[in-house]
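Welcome! Let us go through this structure together, one feature at a time.

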Amino acid sequence: MKSDKKYYSISEVSKMLNIKEHVIRHWDSIDPKTKKLRVENLSIRTKGGTRFFNKIHIKNISNLISILQDNGKRNYSLNLASKILTKNNARKSLKYNNIEDIKNANYIEYIKKLKK
């Protein structure tokens, strides 16, 4: 597969992550009871309903797989895994708000290494 592609189809993602397409569709579908997406930010849909995945979506699916299926065992419910995934994404986005924060964090890590 080309690495310069921006969007991938569900079959390409399925082959990349070694997971069946219907599982991805289930995770990316609307729960009939709550009328909400089961897991947020897993794909982009066209008006016709075709799902496309970029690198961020693929990383989210990969993280979801690792949360749900550790050593062949199912660890959490899909609801809980979704909450863990969104909480981890929120933490990463809040950690560094801009370039200055990243520079300061790198500087602090450098100082800590020097002290050791």
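Q: Which residues make the nonpolar surface patch of about 250 Å²?

A: Patches are made of residues with over 30% relative accessible area and no salt bridge (a side-chain nitrogen of Lys or Arg within 4 Å of a carboxyl oxygen of Asp or Glu); like charges are joined within 9 Å, and nonpolar side chains (Val, Leu, Ile, Met, Phe, Trp, Tyr) within 5 Å. Areas come from the Shrake-Rupley method with a 1.4 Å probe, and for residues only the protein chains shown count as cover. Here, Tyr7, Ile44 and Phe52 form the patch.

A word on the source: this is a predicted model, where local features need pLDDT of at least 70, side-chain atom pairs count only at pLDDT 80 or more, and totals for chains, interfaces and linings use all residues. Residues are numbered from 1 along each chain as its sequence is written, and side-chain values use heavy atoms, leaving out hydrogens and water.

Q: Why does Phe52 count as partly exposed?

A: Buried means under 20% relative accessible area, exposed over 50%, and partly exposed in between (1.4 Å probe, protein chains only). Phe52 counts as partly exposed because its relative accessibility is 31%. This residue lies in strand β2 (residues 51–52).

Q: How many helices and strands does the protein have?

A: Helices (H or I, at least four residues) and strands (E, at least two) are DSSP runs, numbered from the N terminus. The protein has 5 helices and 4 strands, in the order α-α-β-β-α-β-β-α-α.

Q: Which residues have the most contacts inside the largest nonpolar core?

A: Nonpolar side chains tend to be buried together in soluble globular proteins. A nonpolar core is a set of buried Ala, Val, Leu, Ile, Met, Phe, Trp, Tyr and Cys residues joined through side-chain atoms within 4.5 Å. The largest one has 16 residues, and Val13, Ile24, Trp27, Leu42, Phe53, Ile61 and Leu64 have the most contacts inside it. Two or more residues come from each of α1 (10–17), α2 (21–27) and α3 (55–68), with α3 giving the most, 6 residues.

Q: What do the buried residues of α1 pack against?

A: Contact means heavy atoms within 4.5 Å. In α1, Ile10, Glu12, Val13 and Ser14 are buried, and the buried residues of this helix pack against α2, β2 and α3.

Q: Which element has the lowest mean pLDDT?

A: pLDDT is the predictor's confidence in each residue, from 0 to 100. Helix α5 (residues 99–115) has the lowest mean, 56, whereas α1 has the highest, 93. Over residues 94–103 the pLDDT is below 50. Where pLDDT is low, the predicted coordinates should not be read in detail.
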